[in-house]
Amino acid sequence: MKRTLTILSAALLLTGLTSCNDFLDTLPLNDVVLENYWTEKKDVTSVLNSCYESLENQESVIRMAVWGELRSENIVAGSSVTNEFADALRETLLPSSALTAWSILYQTINRCNTVIHYAPGVQEIDPNYTLAEMQATIAEATFIRDLCYFYLLRTFGEVPIVFEPSISDDAEFEVPPTPAFTYQNGGWVMGPALDTLINDLKGVENMAVRRYVDDSNMQNNVAASLARENSSRVTRYAIYALLADLNLWKGDFDETIRYCDLIIDAKKKQYEEKKENLGTINDMMLFNDIPLLMECPEGDTKCGRAQTKIFGTGNSFESIFELYFQINQGVSNGFVSTYYGTNGTALGRLATIDENRKDVITGNNTLFSKDDCRAYGTMKNENGKVSITKYVASSVEMSNRLSTLTDESSAGIKIERRSSGYANWIIYRLTDIMLMKAEALAFKGESYYEEAFKLVDAVNRRARNITTPGGAGALKLTDYNTNLSKMMEDLILQERKREFMFEGKRWYDLARYAIRTGNNNYISKQATVKYQINVNAIQIKLSNPLTLFWPFNKNELKLNRYLKQNPAYGDTEDFQK
C-alpha cells in the first residue's frame, strides 16, 4: 500500500466528485493551496459527502458484497459470469484477480482521514461550524473509515491500518499489516486490529447524531422517503451496530449484547412514539417484545409487505445503515446489477442453488418452512436455475395461506422487478442486531439459551406470518434439547442464512464460526453444497484454516514489502511478488 498522493488528489479527484466542483473550478490544480480550501463548514461537508460517495462507488459495493457472499453456498454462476467471479465461485482464487484489489476502500479511508484531520481546524475559524457539528462530522467519518477496515480485515485477516491522511507529495505509506486473526499452534489468536477499531469508535460513539429526521408522527410508508437521513447517514446507532459486530468477532459477548440492547431499546422507543402519535400502526407489531414490520398486515390477504418495505422501498423502520442508490443517483448498485439478467432474461450473472428453493411449498425443503415468505420473495425458479430476486424486486407479494397450500400456482406469487439496479444496499438492519445478540447469548452458555431462542423465534415468526407466540408451526425450544449447545448454534446460523441470504454476510458468518471453534469442518461442509464436481478436493482445500481469507493482490505485494502472501494459496510464481 505504497502511496504518493497529495491529500487533494486522494480525497477529491479520484472519482471526479461533483460535490467538490465549486472548489475545483475556482483554482487551477497546480495553484491549489490546501489551507485556502479548509476554511469553512461547507468545505468539510463537501469532503464528508465524498466519503459517502466513495463508499457507494460501484467497485466498493461489489467488493463488500463479493467478499462476504460469493464463496458461500448461497451463490452459483448464473448466465455469462465474469472470469473473476467464476474463480471465486470455483475456489480458484488468484492474487491477480481484480476482486482482490482493495484500492477503492483505501481511497474511502483516506478521504475519511482527511475529514478527521482538517475538521477541528475549520471549526476553530468558522463561527458557523459548531463544536457539536464538528464532533458529529468526525463520528460519521470514523464510522465509514472503520467499516472499510472491518471489511478488509474479515476478508484478508490482516491489513495496513493508517489513521493519518496522505498530505504530502513525498509521503509514502508502506506500512506493516496489523493482524486481526493469526493462526498459531492449531488455533486462532486475536491480533490487535479489532481492538484498534473498537477503541477508535468508542472515542466518537457519543458524538454522533441519534436521529436527523423526527419520523415519530409518520406512518412507515411516508417516513421511508424522508427518514433515509436516519439510515443512509451515520447515526449513533450505526456506530453501535458496528461496535456490536466487532465485539462479536472478537468474542466479547457482553459488549456485543450491550450494544445490541442500545439499538433494540431505541427501536422500541421509536415504536412507542409512533403509537402514541398515530394511535395505530397497521404494518407493524411486537414479536417477542421487539417491533418488526409485518409480512401480512392485519386484514390484508397478501404477504410480502415487510420484504417490499425493507428491500424494495428501502430505508425502512428496521434499517440501521444502508447505502442509498434510489432515484436520481449518479451511480447504480454495481453488485445488485449482477442479479439482473441480460437481454430481458430474469436469470442474472449470479444465481443460487436449486436446494434453496426446491419443494418449499410442499414442505420438503430442508432450509425453509413452506410458510416462510423469504423463500418466495428472494428467489425464483427460472427453467432449471434459481434467480435471485432480493433487491431486484421493487415489490413482492404472495398468499397469506401458504401453510395450507401444496402447489405454487395457488400461492399468487407476484414479483415486480426494478428496471435497473438502483436498490439500496443494507449494511445493518434490526434483525441483524437481534441475531447478533442471539449468537452472543448462545455462546455465553446454557442459562442464556432461552433468551437467545426468543430472538431467533421473533425473526422466524415474522417471516412466516405467525403473529402469536407459540402459534401453529412456530419453532419450539424443546425441539433442540437432544444436543442443545450444538443445535442452538446451528439454529442461529441457519436463521441468519435464511434472513440475510444474498446480502453479503454468509461467508463472513461461516468464517466467524470457524475462527471461534478453531476448525473449518462446518465451513468446508456447508460451502461445498453447491459443487457438483471436485467436491472432495475443494473440501480438503477449505479444511486449511488459512483459506478463510483471500490472497493479497499481486500489485499490493509489489508495492508493500511488509505484506506476505497467504500461504494457503501456494508458492508458485502466480502468487509471488
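## Worked exercises on a predicted model

The structure holds 47 salt bridges, a salt bridge being a side-chain nitrogen of Lys or Arg within 4 Å of a carboxyl oxygen of Asp or Glu. This is a predicted model, in which local features need pLDDT of at least 70 and side-chain atom pairs count only at pLDDT 80 or more, while totals for chains, interfaces and linings use all residues. Residues are numbered from 1 along each chain as its sequence is written, and side-chain values use heavy atoms, with hydrogens and water left out.

### Exercise 1: charged pairs

Find the salt-bridge partner of R71, then say where R374 and E503 find theirs.

*Step 1.* R71 forms its salt bridge with E91, and the closest N and O atoms are 2.8 Å apart. This pair links distant parts of the chain, 20 residues apart: R71 is in the loop between α5 (58–69) and β1 (76–77), and E91 is in the loop between α6 (83–89) and α7. Helices here are DSSP runs of H or I with at least four residues, strands are runs of E with at least two, and both are numbered from the N terminus. Both R71 and E91 are buried; buried means under 20% relative accessible area, exposed over 50%, and partly exposed in between (1.4 Å probe, protein chains only).

*Step 2.* R374 pairs with E499, with the closest N and O atoms 2.7 Å apart. Here helix α15 (residues 373–378), which holds R374, is linked to helix α18 (residues 484–500), which holds E499, across 125 residues. R374 counts as buried because its relative accessibility is 5%, and E499 counts as buried because its relative accessibility is 4%.

*Step 3.* E503 forms a salt bridge with K390, the closest N and O atoms being 2.8 Å apart. E503 sits in the loop between α18 and α19 (506–517), K390 in the loop between β12 (385–388) and β13 (393–399), and the two are 113 residues apart. E503 is buried at a relative accessible area of 3%, and K390 is buried at 3% relative accessibility.

*Step 4.* Now put the pairs together. Salt bridges that share partners join E318, D372, R374, K390, R429, R462, E495, R498, E499 and E503 into one network.

### Exercise 2: the nonpolar core

Which residues touch the most other members of the largest nonpolar core?

*Step 1.* Start with the term: a nonpolar core is a set of buried Ala, Val, Leu, Ile, Met, Phe, Trp, Tyr and Cys residues joined through side-chain atoms within 4.5 Å. The largest one has 172 residues, and L152, F321 and W425 touch the most other members. Helix α8 (residues 131–156) gives the largest share of this core, 14 residues.

*Step 2.* Look around L152. Leaving aside residues up to four places away in sequence, L152 touches W67, W102, L105, Y106, I109, G157 and V159, where contact means heavy atoms within 4.5 Å.

### Exercise 3: two helices

Compare the span of α7 and of α5 with what is expected for each.

*Step 1.* The expected span is 1.5 Å times one less than the number of residues. Helix α7 (residues 103–125) has 23 residues and so should span 33 Å, which agrees with the 33 Å between its end C-alpha atoms.

*Step 2.* Check the axis of α7 too. The helix bends by about 35° at Y118, with a proline, P120, following within four residues; the bend is the angle between axes fitted to the seven residues ending at a residue and the seven starting there.

*Step 3.* Turn to α5. This helix has twelve residues and reaches 16 Å from first to last C-alpha, close to the expected 16 Å. Ten of its twelve residues are buried, including W67 and R63.

### Exercise 4: strands

How do β4 and β5 pair, and in what order do the strands of the open sheet run?

*Step 1.* Two strands pair if DSSP finds at least two bridges between them. Strand β4 (residues 181–184) and strand β5 (residues 187–190) are antiparallel over four bridges, with F181 facing M190 of β5 as its bridge partner. Two residues lie between the strands of this hairpin, where N185 takes a positive phi near 50°.

*Step 2.* The open sheet has three strands in the order β8-β13-β14, paired antiparallel. Its edge strands are β8 (302–303) and β14 (414–417), each pairing on one side only. Two bridges join β8 to β13, and the bridge partner of C303 in β13 is M398.
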